[in-house]
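Here's a quick briefing on a protein–DNA model, written for someone who'd rather be at the bench. Have a look at the sequence and the structure first, then read on.

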Number of protein chains: 2
Amino acid sequence: MKVHKHTKGCFRSHQDSLPELTHRLRKGGAHRMTGPREAVLDAMRAADRPLAIKEIHELLKGTECDLATVYRSMHLLCKSGMVRRVEFGKGGRRFELIPERQEGHHHHLICTECEKVVLLDDCLLDQVAGRIASATGFKEITHQLEFFGRCPACQ
Amino acid sequence: MKVHKHTKGCFRSHQDSLPELTHRLRKGGAHRMTGPREAVLDAMRAADRPLAIKEIHELLKGTECDLATVYRSMHLLCKSGMVRRVEFGKGGRRFELIPERQEGHHHHLICTECEKVVLLDDCLLDQVAGRIASATGFKEITHQLEFFGRCPACQ
DNA sequence: CTCTTGCTGCGAGACGTTTGCATTTTGCCC
DNA sequence: GGGCAAAATGCAAACGTCTCGCAGCAAGAG
């Protein structure tokens with residue numbers, strides 16, 4: 001079982017530049033790179049874990065970006081495939097940036113006390129999904145998986 | 001990959017009787033079996049899939065059970081280990097009855113169009129959880145996993 | 001049957017999220 | 001560089017979901 005010990009380095013590694021991000025955004029339709037959207041993307045790039053909408057809004061307090069705009073930006077970024085929505089149980093919905101040309105995805109292990117997040121390496125379930133597809137006739141199978149537990153510091 | 005083709009039969013198989021359920025409820029503390037709680041349990045026993053709070057409340061329209069009471073009942077039943085909360089993505093939170101002396105748990109495959117639910121057989125991830133525990137030092141590891149896709153009828 | 005304790009209904013209200021609308025901004029074309 | 005149409009923003013109002021306080025009611029122990 002391989003896990004990432006240095007969470008920060010891992011999340012910060014996808015340093016897509018602003019022009020790159022703008023390009024990705026435009027690909028999806030007539031969308032513009034605006035001040036608020038850039039600020040939202042910056043916040044996510046700087047973060048070392050998936051962020052909640054409220055957290056992003058607070059990080060943007062300096063720029064006075066409206067909460068509704070953060071919601072609208074996240075919807076757009078999700079639809080454009082630049083951001084992934086993660087269900088964090090008690091911690092609610094979080095969002096994380098998807099690096100350009102990332103293949104596969106990972107899951108998280110979340111402390112039920114302090115919400116510390118540990119990244120788990122690439123998903124082990126894609127083959128399972130294939131088998132489910134042939135057994136049930138379902139298509140386009142995706143999944144949502146997170147682990148929860150008590151981290152060493154909280155035990 | 002083994003799946004349950006006949007969802008109804010599967011969910012209905014845990015016909016714990018009312019006295020049994022009452023006993024399970026009492027075990028957890030000074031809790032009483034009341035009309036509304038019985039109605040909630042009946043609704044879940046009759047259902048062929050996990051239900052949302054709102055659905056349960058609507059099923060109970062005849063008995064005029066208050067929405068707040070449904071919420072309170074579900075909290076209690078979860079805390080007593082009689083009910084499991086399942087995150088259904090877009091479909092929100094759902095709840096399903098846990099049969100007496102059930103070992104292990106299962107996951108669901110949910111159609112993203114019509115919300116049809118297929119039960120998947122017992123969880124394959126418990127060993128994975130053990131490996132995560134020793135790799136990270138986390139304890140009491142649980143997980144939340146659901147699959148989504150397009151069912152044959154919706155393709 | 002009575003009494004205690006827990007439960008319910010009701011209303012208020014706390015969050016999280018979405019929407020309509022008037023105004024501002026962006027990116028494009030000239 | 002300036003002007004234009006389309007898109008994005010801020011603000012406020014409205015939702016949906018879920019929680020809480022409180023007064024009255026009911027379950028179940030003695």
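H5(A) gives the largest share of the surface near DNA strand C, namely five residues. A residue is near a strand if one of its heavy atoms lies within 4 Å of it, and helices (H or I, at least four residues) and strands (E, at least two) are DSSP runs, numbered from the N terminus. Keep in mind that this is a predicted model, where local features need pLDDT of at least 70, side-chain atom pairs count only at pLDDT 80 or more, and totals for chains, interfaces and linings use all residues. As for bookkeeping, residues are numbered from 1 along each chain as its sequence is written, chains are lettered from A and ligands numbered from 1 in the order in which they are written, and side-chain values use heavy atoms, with hydrogens and water left out.

**DNA strand C**

- Around DNA strand C there are 20 residues, and the closest are Arg32(A), Tyr71(A), Arg32(B), Arg37(B) and Thr69(B). Of the strand's atoms that come within 4 Å of the protein, 71% belong to sugar and phosphate.
- Polar contacts (pairs of N or O atoms within 3.5 Å; within protein, one must be able to donate a hydrogen and the other to accept it, and residues adjacent in sequence count only if both atoms are side-chain atoms) come next. Thr69(B) puts a polar side-chain atom 2.6 Å from a phosphate oxygen of DNA strand C.
- Two or more residues of the surface near DNA strand C come from each of these: helix H5 (67–79) of chain A, and helix H3 (35–46) and helix H5 (67–79) of chain B.
- Chain A reaches phosphate oxygens of DNA strand C too: a side-chain N or O atom of His75(A) sits at 3.2 Å, and a polar backbone atom of Met33(A) at 3.3 Å.
- Sorted by class, this surface has nine charged, seven nonpolar and four polar residues. Here Ala, Val, Leu, Ile, Met, Phe, Trp, Tyr, Cys and Pro count as nonpolar, Asp, Glu, Lys and Arg as charged, and the others, Gly among them, as polar.

**DNA strand D**

- DNA strand D has 19 residues around it, with Thr34(A), Arg37(A), Thr69(A), Arg26(B) and Tyr71(B) coming nearest. Sugar and phosphate make up 73% of its atoms within 4 Å of the protein.
- Side chains of chain A meet phosphate oxygens of DNA strand D, with an N or O atom of Thr34(A) at 2.8 Å and a polar atom of Arg37(A) at 2.9 Å.
- Arg72(A) goes for a base: a polar side-chain atom lies 3.0 Å from a base nitrogen of DNA strand D.
- H5(B) supplies the largest share of the surface near DNA strand D, four residues.

**How the two chains relate**

- A turn of 179 degrees and a shift of 0.0 Å along the axis lay chain B on chain A with an RMSD of 0.2 Å, superposed by least squares on the C-alpha atoms of residues with pLDDT of at least 70 in both. The two copies are therefore related as by a two-fold rotation axis.
- Leu145(B) comes closest to that axis among the residues of chain B, at 2.1 Å (C-alpha).

**How far to trust chain A**

- Chain A has a mean pLDDT (the predictor's confidence in each residue, from 0 to 100) of 86, and 90% of its residues reach 70 or more.
- Confidence in chain A is highest in H5(A), at 97, and lowest in helix H1 (residues 7–12), at a mean of 44.
- Where pLDDT is low, don't read the predicted coordinates in detail.
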